[in-house]
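Work through the exercises below with the sequence and the model at hand. Each task is followed by a stepwise solution.

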Amino acid sequence: MQTKTVSSAVPSVVRLADYRPPGYLVDDVQLRFELDLLRTRVRSRLSLRANPALSGARPLELNGRELNIARLAIDGSALDLAALAWDGERLLLEDVPERCVLECETLLCPAHNRALEGLYRSGGLFCTDCEPEGFRRITCFPDRPDVLASYTVAIDAPQDCPVALSNGKLISQERSADGRRRTVWHDPYPKPCYLFALVAGELECIEGYHQTRSGRRLRLCIYVDQRYQKQCDHAMRSLQAAMRWDELHYGLECDLDEFKLAAVDDFNSGAMENTGLNLFNTQCLLATPDIATDGGFRAVERVVAHEYFHHWSGNRVTLRDWFQLSLKEGLTVFRESCFAADMDPSGIHRLDEVRFLRELQFAEDAGPLAHPVRPDHYVEISNFYTPTVYEKGAELMRMLRSLIGAKAWHRGAKLYFERHCGQAVRCEELVAAMAEASGRDLSQFALWYSVAGTPRLKVAGVWDSALHRYTLTVRQQCVEDGEPQPMHLPLAVGLVGVDEPLSLQLASGAGAIVGDSAVLELRELEQHFVFEQVIEEPTPSLLRDFSAPVHIDFDYSDMQLALLMRRDSDAFCRWDACQRLLRRAIHAQLRCESGAATTELPAPLICAYRDLLGAQDTPAALLAQMLEMPSEIWLAAPGVLIDACALHSAKLAVAAQLAVALREPLWECWHRCRSALGDYRPEPVAMGQRALATATMGLLVEGDCGAELIDCVVQLYRRADNLSDRLSALSALIDSSEPSALEPRAELLADFHQRWGGEPLALCHWLRVQSTDRHPRVLQRLQELMSRPEFEAHNPNFLRASVGVFSRSNPLNFHAEDGTGYRFLATQVLGLAPYNAQLAARLLLPLCDWPRYSESSSTKMIAELRRLVENCGEVRELWDLAERSLAAQESVA
């Protein structure tokens, strides 16, 4: 029997309000895989019992997607497959005994499974990816996260698969007369089926160990293709560091004897936290100076830690339903963020997080795909692995810790993990644990889970020179319709004087002094906060360390922003002040008729930059961020439609002016950074120096750079001992309008391909840097690159490095007036959707943001979305995104 997803004109909607507990629970799962490229046989045996929490008759609900079912039986009695009535992916069986054994036999074809969900083939490996609903592509099962079971997995593998891995502990290994190997694994800890994993093939094992605080010796294993065995050292060190950190800060030890990681070439996401066997996209596990940038080393450290932290926040305590996705992801992203900050105290990680939030999550909140951190309905759950669920969810955790204090936060986390270990729970259970541990009423805070959008805080300050008193007034502009409900949030502030930050004495208003900040507690639509003994008129430093995911409106003068750039002690506020001044300059340039004229840059901005570049007391990583231009998305004024090409041109014009005005200090800074660097080491200080050198070079090439700079760029490439410097040089040559850059650009791109074309991860960087080329013929060039034999057309990394980077990071050509950029993206999505709908949906997102753009652009974007619906409407992932996006047009009309 072949099951097939039945498509209706309108896919069904799953609603949080309709949640019902499962009718049957699964105590034990036994799986046997007879692996074969074209005909894998899977036998499953489920020990079922009726859910004692329910009374009366109830059906057994099973899920299956595109399954070839050979046999289905209850207590040994085979069911008539032809008589079974499937409702899409759902099968309801009536009159099932209260206790029974369900047996299912399915036939799979891993070689033809290009969806990269369920069981598939990647290179020479068999592997699985089951989150969120991939397990139903393997066998019939009640595929929902609140069904937890222990698993025993037998893997019969062919001779070319000497290593076969699954969750849990190895029970036995044996070889049959025909050379096949049988490996049995048992995981006694109950888990939902989305955490099941299998990997089999020719794998090398890199071993390490971790000594827990209680004295246990834990074996660590990283399994990779033989080509990659020398590229795993950084991942192993990152895993060991994450384990130490979790024990130190949360008292959480890994309760296994062995913890395994495995790398897969073809993987839709970055990694997956399957219990005891974390699976990774090679891009997020492998790192050497030749295949990973500084950012890549940081990403490996964070992703490895993130997946390990899931062992407790997601696996041992898991989800009741998929609406609670942020319960595991928001909490784990926050834990990962704190870990990253401890590994690199420069603060650069936090700025990266804020930039991501303001560019992607805020845009999502303001667009047609906006949804709360916990959605109340969905059509396709894979479309809700979003910045709102992950990154905004993490900001909720950060706000909670700020509101109740670090000590209460850790007491609450301890209570949460101890109370709910082995359970599938909701977001309410986490908030309740924090409320109990702190003795605080957090009922108002819970609004963050149900309200979409980004709140706006309007702040005003008045200094009383006679009383030496400074009063801040904060008004909340709420995001929900109807009766305004203020949010519960922390606003961290400081006061900065002409020469240095001022001491803080909060006389009235809810809040507390924490370090060099006052953390003000907002609960009302309008609140007043009074600071005493303020001896000079201060400049307020607002939202320090980005204490809440909100917009801040304060009427800063250019002089005040420049003061914050130089004198503030908070890295985020220094960077934000710089971004605000740059935005003012770019908007002034944009207002010039046709963008032809130029305006003078604000003098305070130039002076502040000169001071920062010359003083050498600002951390290099921070100064590098301050020299980067704001993104087009953040530059857009609220309520004003974006002319993407005009905005980008204005940004380039301002960058060129800066390059001319700061030419000498930029050159000096570049030479100083390069002189300070020795042999490559992926350490924070050196990373900061390289980032600053890259930023200064990137700004200089926007001006009248001349042959001297081009020669420096070429020499940087030729002498480089790492990928970061090579890509820095290539990017500078691609961005330069200097005629003398054309020949070395072509030469060095060819050299890079010749030397590193055999390394897929390095090749993706080569594609990425060319996808951002501003030349009008870049689309033709990109299509030529994608037609090359080394371009792996079904590999997510290659598609993200080309199609994804072009549509997100090349505004001049993606938003080309003739609409060719939009058509290119839609055509790529249409070709991808029939076999990998999940990846196609993620690539589609830039088109869904059409309401932000001018009528000329939005009309063409809408036309491509409609073409997608007409030609691919049966693909639920695409239908869901396109329909939600197009609904905004109907509401406007």
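**Exercise 1.** Locate D570 and describe its surroundings.

Step 1. D570 sits in the loop between α8 (558-567) and α9 (571-591); helices here are DSSP runs of H or I with at least four residues, and strands are E runs of at least two, numbered from the N terminus. The model is predicted, so local features need pLDDT of at least 70 and side-chain atom pairs pLDDT 80 or more, while totals for chains, interfaces and linings use all residues. Residues are numbered from 1 along each chain as its sequence is written, and side-chain values use heavy atoms, without hydrogens and water.

Step 2. D570 is buried but has no salt bridge. Buried means under 20% relative accessible area with a 1.4 Å probe, protein chains only; a salt bridge needs a side-chain nitrogen of Lys or Arg within 4 Å of a carboxyl oxygen of Asp or Glu.

Step 3. The nearest side chain of opposite charge, R544, is 4.6 Å away. A polar atom of the D570 side chain lies 2.9 Å from the backbone nitrogen of C573.

**Exercise 2.** Find the strands that pair with β3.

Step 1. Strand β2 (residues 24-34) runs antiparallel to β3, joined by 10 bridges; pairing requires at least two DSSP bridges. D28 has S47 as its bridge partner in β3. The hairpin of β2 and β3 has 5 residues between the strands.

Step 2. Strand β9 (residues 99-108) also pairs with β3 in the antiparallel sense, over 10 bridges. Here S44 stands opposite C104.

How values were computed: Buried < 20%, exposed > 50% of the residue type's maximum accessible area, 1.4 Å probe, protein only. Lys, Arg positive; Asp, Glu negative; His and termini not counted. Polar contact = N/O pair within 3.5 Å; in protein donor to acceptor, adjacent residues only side chain to side chain.
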